[in-house]
Amino acid sequence: MASCKGRIRTLDLRRTMTHANGDLPQLQAADGPWSIYLHVPFCASRCGYCDFNTYVLAAMGEDAIPGYLEAAHRELDLAGQMWRRRPAVSTIFFGGGTPTMLTPAQLGELVDHIRTVWGIDDDAEITTEANPETLDEDVLSGLLAAGINRLSMGMQSSDEFVLTILDRRHRPGRAVEMARLARQVGFDDVSLDLIFGAPGEDLGSWRCSLEAALSAEPDHVSAYSLIVEEGTRLAARIRRGELPMTDEDDLADKYLIAERVLTEAGYVNYEVSNWARPRDGHDHRCRHNMAYWLGRDWWGIGPGAHSHVNGTRWWNVKHPATYRSRLAEGRLPVEDHEVLDAEQRHEETVLLQLRLADGLPLSQLTEVERHRADHVVEQGLGAIQGGHLVLNLSGRMVADRIITDLLV
């Protein structure tokens with residue numbers, strides 16, 4: 001679901017999982033739109049804060065990309081055989097890793113394969129993430145020609161010091177330049193990802209990063225607080241005392257700055273960490289991510305990719321070599337799966353939809369939880385609007401606590 005450029009802080013809800021290693025039950029899609037996620041696990045280098053399933057391409061051998069592509073196409077064919085019905089795909093998202101380590105033509109062949117297997121809606125949103133250093137005018141034009149109509153770039157910061165702390169390779173200003181160039185070559189939907197809270201980043205630096213991003217007039221901005229994940233180089237440096245740990249008060253101050261700067265620039269917060277600018281009759285929310293947050297169906301293609309179909313969730317084996325070998329044997333590369341029961345699906349609905357500006361339908365709550373929702377309103381953290389519990393800015397700041405209180 002998330003990209004290597006930032007992640008949403010979520011709760012660790014305890015759940016009882018039903019496992020069946022490597023096998024999937026018969027799948028029946030729910031009604032409504034569905035999506036495809038394609039995980040491209042390769043990067044030119046590994047960022048110090050990243051704990052995603054990524055691999056440095058230069059260390060993977062000359063056949064890494066051809067082998068990945070052969071396996072991904074096989075998985076698409078096998079996935080198509082699992083459906084009792086084949087609805088057209090409404091969103092496609094290339095994530096990673098750095099999907100633009102593949103050529104535009106290679107990405108386009110995967111899009112075409114999806115069209116062959118299931119069909120693609122005429123107005124489908126087709127996104128690729130990109131590292132700014134992998135882009136130029138020819139690549140951007142090639143992505144458009146391949147059918148990709150939404151570009152999501154990892155900018156993270158405009159501060160060279162912060163980029164160095166995060167082990168980002170692109171130079172300050174490159175993301176802004178590529179966002180402007182993307183618009184010039186014909187992209188109508190451009191998104192920039194930012195991260196706040198890096199060790200040593202002050203409030204002025206964060207404000208400058210926001211203003212630099214806005215200078216490119218993107219349609220969408222994601223602003224994620226830095227999460228220090230165990231096992232990363234950044235975590236090791238903090239543990240050794242080389243860098244200070246992130247501070248919750250500092251993160252809160254920076255979130256408030258993001259809300260103020262983006263709102264004043266005409267952007268609308270539609271999920272705790274995401275803002276979109278209405279333009280040309282389109283609100284520019286990321287439809288693919290909305291599918292995740294609304295609990296819809298998606299199939300994840302690639303090493304370590306996760307999928308969800310009507311309450312069944314599964315995840316692929318992580319290593320590209322194992323992924324390839326499973327598919328070479330004609331098997332889906334599933335490592336494990338879980339079937340969510342009613343209580344688990346309820347928890348996830350509360351967890352995800354309360355983060356949305358549209359709010360959580362009160363119809364999704366039990367009678368006890370509705371009384372707890374009234375307490376949220378009494379605390380001044382939200383309101384009941386149109387039959388939904390909608391968090392205000394203060395509520396967004398403590399969304400995880402509110403979710404816990406509702407579900408206890």
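Which order do the strands of the open sheet of three strands have, and is the pairing parallel or antiparallel?

## The three-stranded sheet

The order is S15-S17-S16, and the pairing is antiparallel. This comes from a predicted model. The edge strands are S15 (360-361) and S16 (382-385). Each of these two pairs on one side only.

S16 pairs with S17 (residues 388-391) through four bridges, in the antiparallel sense. Within this pairing, Gln385 stands opposite His388 in S17.

## Strand S5 and its partners

S5 covers residues 120-130. Is this strand mostly covered or mostly open? Mostly covered: eight of its eleven residues are buried.

S5 has a parallel partner in S4 (residues 89-96), with five bridges between them. Here Ile92 stands opposite Ile126 in S5. The chain gets from S4 to S5 by way of helix H2 (residues 104-117). This β-α-β crossover is right-handed.

S5 also runs parallel to S6 (residues 150-156), and four bridges join the two. Thr128 stands opposite Leu151 in S6. In a regular strand, side chains alternate between the two faces of the sheet.

## Aromatic pairs

How many aromatic pairs does the structure hold? There are eight. One of them is formed by Tyr255 and Trp275. Their ring centres are 5.8 Å apart, and the planes meet at 45°. The pair is classed as tilted, because the angle is neither under 30 degrees, the stacked range, nor over 60, the edge-to-face range.

Tyr255 belongs to helix H8 (residues 248-264), while Trp275 belongs to strand S10 (residues 274-276). The pair therefore ties together parts that are 20 residues apart in sequence.

Are these two residues buried or exposed? Tyr255 has a relative accessible area of 7%, so Tyr255 is buried. Trp275 is at 0% relative accessibility and also counts as buried. The cut-off for buried is under 20%.

## Cysteines

How many disulfides does a search of the whole structure find? The result is zero. A disulfide is a covalent bond between the sulfur atoms of two cysteines. The search looks for a pair of cysteine sulfur atoms within 2.5 Å.

Two cysteines illustrate different settings. Cys43 has 7% relative accessibility, so Cys43 counts as buried. Cys208 has 45% relative accessibility, so Cys208 counts as partly exposed. The exposed class begins over 50%.

Conventions. Residues are numbered from 1 along each chain as its sequence is written. This is a predicted model: local features need pLDDT of at least 70, side-chain atom pairs count only at pLDDT 80 or more; totals for chains, interfaces and linings use all residues. Side-chain values use heavy atoms; hydrogens and water are left out. Buried means under 20% relative accessible area, exposed over 50%, partly exposed in between (1.4 Å probe, protein chains only). Two strands pair if DSSP finds at least two bridges between them. A crossover is right-handed if, with the strands pointing away from the viewer, the path from the first strand over the helix to the second runs clockwise. Rings of Phe, Tyr and Trp (its six-membered ring) pair if their centres lie within 6.5 Å; planes under 30 degrees apart count as stacked, over 60 as edge-to-face and the rest as tilted.
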